[in-house]
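Hi,

Here is the structure I promised to pass on. Have a look at it first, and then read my notes underneath.

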Amino acid sequence: MVTLAEVAQHAGVSASTVSYVLSGKRSISATTRQRVEQSIRELGYHPNAGARALASSRSNIIALMVPLRTDMYVPVMMEIAIAVATTARTHGYDVLLLTGEEGPDAVRRVTGSGLADAMILMDVQLDDERLPLLRGTDQPAVLIGLPADTSGLTCVDLDFTATGALCVEHLAKLGHRDVAVIGEAPAVYERHTGFAERTLDGLRARARELGVRLLHRPCEGGYGAMAATLARILDERPGTTGFVVQNESAVEPLLALLRQQGRAVPEDVSVLAICPEQVAVQASVRLTSVAIPAQEMGRHAVERLVAKLDGRGESEVVLLEPELTVRASTGPAPASP
């Protein structure tokens, strides 16, 4: 293993000069810096992480809290996590992934141990019990998601309220007046998860404005649960001609059940999904959808966290504008018999 002293000898400088180049604690001339960096590359030198942390009081690690719950669509969560890790590396940070449902205990563990320089929190609830601890610490943090009260916090998310409104607008323009929303699993709403609640707010508000009758039913996903949910919807609202699906695991079962019942998509019913692009284009009917911008969310979160670590970041809420892509699953509402 190459040592700092060997780098110094190769570059013709003192060991302290190499240390200053690595830490940035003192101003070094451009010529000397370039010579040291060239030696580092040629020798393949990698600073010892523990020693670097002791010297700089920095671990160069970002803690990413991703509670992996069975009622959430894990591929989206992991796509965001990969985007966080990839972006963090471009800024010289590694990512510590915390997947347990520890809540405030995980925040205490990170802030109290020096495990990480900063935190990114996912699966944010409207009244998230982690937030009082975040507000009480000086450690930089960014939320991927929106709580009810964003004061003093930096948050990044898709604008789910606007997403819900956009879905209703699209179906209303096509003449649909009875729309059913197939939502996430009941536990997601019981926890008051931010993205699910905000989508509903947008759906309901815009539906009232446009005179659309809206029915929301949570669904566990999977064929059996979807069959029971669809039967309940059609029993309560037999005139339903539009579906908004915010539950990736319910998409294909819904399309299969509609086929079995002889309901053609989009001639008899329209289906619009809030889901990753991959789910929409690989469905048995290519779905009109609002995409979940997982990579953008992860990238924006890291960039704002790095700005905070560098003393440049301010508390802010960054909402990504939803984009609706029309495909084969939505069309004009059928004429009334």
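Below is what turned up, going through the sheets, the helix pairs and a few local oddities.

Before anything else, please keep in mind that this is a predicted model.

**The parallel sheet**

Let's start with the sheet whose strands run in the order 2-1-3-4-5-11: six strands, open, with parallel pairing. Its edges are strand 2 (94-98) and strand 11 (317-320), each of which pairs on one side only. Going from one strand to its neighbour, the average turn is 20°, direction ignored. If you want a spot to zoom in on, strand 1 (residues 61-65) runs parallel to strand 2, and five bridges join the two. One landmark there is M65, whose bridge partner in strand 2 is L98.

Two helices to look at pack on this sheet. Helix 5 touches strand 1, strand 2, strand 3 and strand 4 (141-144), and its direction makes about 155° with that of strand 2. Helix 6 (residues 104-113) touches strand 1, strand 2 and strand 3, with its direction at about 175° to that of strand 1.

**The mixed sheet**

The other sheet to look at is also open and has six strands, in the order 7-6-8-9-10-12, but here the pairing is mixed. Strand 7 (213-218) and strand 12 (324-325) are the edges; each has a single partner strand, so one side of each has no neighbour in the sheet. As a reminder, strands in a sheet pair through backbone hydrogen bonds, in either a parallel or an antiparallel way. Strand 6 (residues 178-183) and strand 7 are a parallel case, with six bridges between them. Within that pairing, I182 has R217 of strand 7 as its bridge partner.

Helix 10 (residues 194-210) lies across strand 6, strand 7, strand 8 (242-245) and strand 9 (270-275), and it runs at about 160° to strand 7.

**Helix 8 against helix 10**

Helix 10 also packs against helix 8, at an angle of about 40° and with the axes 6 Å apart. That angle makes helix 8 oblique to helix 10, and the crossing is right-handed. From helix 8, the contact uses F160, T161, G164, A165, C167, V168, E169 and A172; from helix 10, it uses F195, R198, T199, G202, L203, R206, A207 and L210. Sorted by class, this contact of helix 8 with helix 10 comes to nine nonpolar, four polar and three charged residues.

How many aromatic pairs does the structure hold? Just one. The ring centres of F160 and F195 are 5.6 Å apart and the planes are at 50°, so the pair counts as tilted. Because F160 lies in helix 8 (residues 160-173) and F195 in helix 10, the pair ties together parts that are 35 residues apart in sequence.

**Two more helix pairs**

Helix 5, the one on the parallel sheet, also has a helix partner. Helix 5 (residues 74-90) and helix 14 (residues 294-309) pack at about 40°, and their axes are 8 Å apart. These two are therefore oblique to each other, in a right-handed crossing. On the helix 5 side you'll find V76, E79, I80, A83, V84, T87 and A88, which meet A294, Q295, M297, G298, R299, V302 and E303 of helix 14. The residues of that contact split into eight nonpolar, three polar and three charged.

Then there is helix 1 (residues 4-11) with helix 3 (residues 30-43), packed at about 120° with axes 9 Å apart. That makes helix 1 oblique to helix 3, and helix 1 passes helix 3 in a right-handed crossing. Helix 1 brings E6, V7, H10 and A11 to the contact, while helix 3 brings R35, V36, S39, I40, E42 and L43. Here the contact of helix 1 with helix 3 has five nonpolar, two polar and three charged residues.

**Backbone oddities**

Two spots to check by eye:

- V265 and P266 are joined by a cis peptide bond, with omega about 10°. P266 sits in the loop between helix 12 (248-260) and strand 9.
- D123 has a positive phi, about 55°, even though it is not a glycine. You'll find D123 in the loop between strand 3 (118-121) and helix 7 (131-135).

Cheers

Definitions and conventions
Residues are numbered from 1 along each chain as its sequence is written. This is a predicted model: local features need pLDDT of at least 70, side-chain atom pairs count only at pLDDT 80 or more; totals for chains, interfaces and linings use all residues. Side-chain values use heavy atoms; hydrogens and water are left out. Axes are lines fitted to C-alpha atoms, for helices over the stretch in contact, and angles run from 0 to 180 degrees between N-to-C directions. Helices (H or I, at least four residues) and strands (E, at least two) are DSSP runs, numbered from the N terminus. Angles under 35 degrees count as roughly parallel, over 145 as roughly antiparallel, 65 to 115 as roughly perpendicular and the rest as oblique. A crossing is left-handed if the near helix is turned anticlockwise from the far one by less than a right angle, and right-handed if clockwise. Contact means heavy atoms within 4.5 Å. Ala, Val, Leu, Ile, Met, Phe, Trp, Tyr, Cys and Pro count as nonpolar, Asp, Glu, Lys and Arg as charged, and the others, Gly among them, as polar. Two strands pair if DSSP finds at least two bridges between them. Rings of Phe, Tyr and Trp (its six-membered ring) pair if their centres lie within 6.5 Å; planes under 30 degrees apart count as stacked, over 60 as edge-to-face and the rest as tilted.
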